[in-house]
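Grab a viewer and work through these exercises at your own pace. Try each task before reading its solution.

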Amino acid sequence: MREWILNVNPAEVRVLVSGFQSWSEAELRPLTDSQAVPLMRWRHEQGHDPGFLPSGQAGVWRSHTMLALVRPDGSGWVGMAGEATQTFIQWEARAQGDHVTVTCTLEGPDVPLHWEDTRDVIATLEARAADLGQAMHARTPAPLRVWCSWYSYYRAVTLEAMLDNARRARAAGLPFDVFQLDDGFQADLGDWTEPSAHFGGHARDLPAPLQALGYTPGLWLAPFLASPTSRLFAEHPDWMLRGEGGQPLPVGHNWGGPYYTLDTTHPEVLAWLRELAATARGWGYTYLKLDFLYGAALPGVRHDPRVGRAQAYRMGLQALRDGAGPDAFLLGCGAPLAQSIGLVDAMRTGPDVAPFWDEESRRVWLGDATGPSARNALHTALSRWYQHPWYQPDPDVAICRRELSLLGHDEREAVAGMLDVVGGLRASSDPIELLDDAGLALLRRCLDVSTPDRPVTLSQSFGGATTHFSRGTFNLTDTTAAGVRPHSYREGSHG
């Protein structure tokens with residue numbers, strides 16, 4: 001462990017942190033505030049790192065890979081890992097009377113660490129993030145424009161719904177590059193090659209008609225997961241990550257119950273993962289969204305106890321890359337962020353967008369802001385603006401429809417503003433037939449690829465996140481702030 005003592009009044013400092021994986025919170029907060037930890041134990045696995053949880057204490061902030069402390073004039077300190085292939089880099093800032101103590105612990109092999117007292121935290125953080133991306137040979141291809149089935153059809157998606165939307169998008173001249181089939185096509189978690197009863201076909205039936213319409217076919221997989229009801233689990237219980245008692249270890253609660261994760265140190269698991277990705281590629285899918293990847297990185301008893309968590313995760317992801325091929329486009333989601341650099345082309349950098357602004361009871365009373373909502377997506381994705389040298393950031397979908405949505409006009413515009421500021425992938429999930437002229441116009445604007453924007457300050461925030469950018473200002477709070485309405489984005493305003 002390394003330690004630094006900063007002679008600064010903790011009450012004058014803001015802290016910028018980034019959580020473990022895609023959905024884990026990234027925040028910009030006064031150092032003396034409290035970092036929330038979820039009350040629900042299963043959210044520790046599904047939203048955070050149980051091996052290095054948020055502190056839950058006032059004045060104690062934990063962060064993965066990077067940490068920044070900001071004085072009122074924009075100066076401060078920046079910490080950043082220099083490499084993260086096989087190592088988790090765990091930072092902590094602790095307010096202690098008239099000073100701040102910063103520590104960094106490495107879980108895995110020793111790696112270079114950068115720590116700097118700087119006059120410009122924003123510029124230094126961006127430079128050190130770029131250094132990390134370069135050291136890990138980041139893949140940053142051109143961003144794609146994606147239609148995804150999840151945020152309207154969820155698990156009820158059908159083959160015909162996919163094709164209907166693709167035809168409507170083509171007829172409307174919407175400039176999508178990829179049509180991506182999401183969860184719901186498969187018989188069970190782990191049984192990816194068997195169709196669900198309701199899908200109305202097989203996933204391999206979709207690529208050819210999509211290609212005929214001019215789209216790249218995309219497919220969602222949660223390749224490390226196995227449902228307890230799946231054939232995969234029944235046939236290979238020895239492939240699962242285990243708890244200390246020797247039983248398969250639950251790694252979350254979704255799809256109506258708990259689920260398990262594959263042990264990616266098992267040679268047979270790695271071979272199965274390579275074959276799964278190669279099979280999807282053989283069906284015609286050159287774009288793969290790989291979700292719930294955090295499972296392979298959780299604490300547990302592994303087939304090869306010599307392999308650390310970060311290395312185990314990387315082994316599984318490498319197997320998927322090897323199976324899909326070097327030219328496949330891989331989007332990570334629910335994934336350890338820095339440990340994915342160089343293997344994924346794009347990465348979700350916040351929680352799911354949802355057709356409502358906030359799930360306040362879960363966020364405030366249960367301490368969990370990793371779940372789906374427009375507010376949570378903006379809060380975290382905006383606070384990771386500096387990560388675009390690591391991969392194409394995926395801030396998730398625009399919500400342009402007014403039907404099947406609780407978002408108001410300002411809130412839809414705020415999501416659109418996030419896409420513009422973050423840059424990276426552009427995505428939509430709206431059923432094309434539900435979009436009126438205003439919705440179609442908003443969607444076309446949301447599909448305009450942009451360069452990433454930069455914050456103008458980290459010393460101010462309207463909502464505990466990075467909100468003040470050169471192109472405009474976000475207000476994530478419930479009241480007007482400096483003339484910016486609640487839940488909104490105002491272009492050209494710096495607060």
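**Exercise 1: helix 7**

Work out how the span of helix 7 (residues 267-283) compares with what 1.5 Å a residue would give, and which way its buried residues point.

Step 1. The 17 residues of helix 7 should span 24 Å, and its end C-alpha atoms sit 25 Å apart, so the two agree. The expected span is 1.5 Å times one less than the number of residues; helices (H or I, at least four residues) and strands (E, at least two) are DSSP runs, numbered from the N terminus.

Step 2. Pick out the buried residues: V269, L270, W272, L273, L276, A277, A280 and W283. They cover an arc of only 160° around the axis, so they fall on the same side of helix 7. That arc is taken from the directions from the helix axis to the C-beta atoms. Buried means under 20% relative accessible area, exposed over 50%, and partly exposed in between (1.4 Å probe, protein chains only).

Step 3. Flip to the other side of helix 7 and you'll find E275 and G282 exposed. The cover over the buried residues includes strand 13 (191-195), helix 5 (207-212) and helix 8 (309-324), with contact meaning heavy atoms within 4.5 Å.

A word on the model: it's predicted, so local features need pLDDT of at least 70 and side-chain atom pairs pLDDT 80 or more, while totals for chains, interfaces and linings use all residues. Residues are numbered from 1 along each chain as its sequence is written, and side-chain values use heavy atoms, leaving out hydrogens and water.

**Exercise 2: two salt bridges**

Find what R281 and R348 pair with, and say whether each partner is buried or exposed.

Step 1. R281 forms a salt bridge with D327, with the closest N and O atoms 3.0 Å apart. A salt bridge here is a side-chain nitrogen of Lys or Arg within 4 Å of a carboxyl oxygen of Asp or Glu.

Step 2. R281 is partly exposed at 26% relative accessibility, and D327 is exposed at 57%.

Step 3. R348 meets D394 in a salt bridge at 3.4 Å, N to O. Since R348 lies in strand 21 (residues 346-348) and D394 in strand 22 (residues 392-394), the pair ties together parts 46 residues apart in sequence.

Step 4. Here R348 is buried at 0%, and D394 is buried at 4%.

**Exercise 3: D368**

Where does D368 sit, and what is it in contact with?

Step 1. Look in the loop between helix 9 (360-365) and helix 10 (374-382). D368 counts as buried because its relative accessibility is 1%.

Step 2. Beyond neighbours within four places in sequence, D368 is in contact with P38, M40, R43, R362 and R363.

Step 3. Salt bridges link D368 into a network with R43, E359 and R362.
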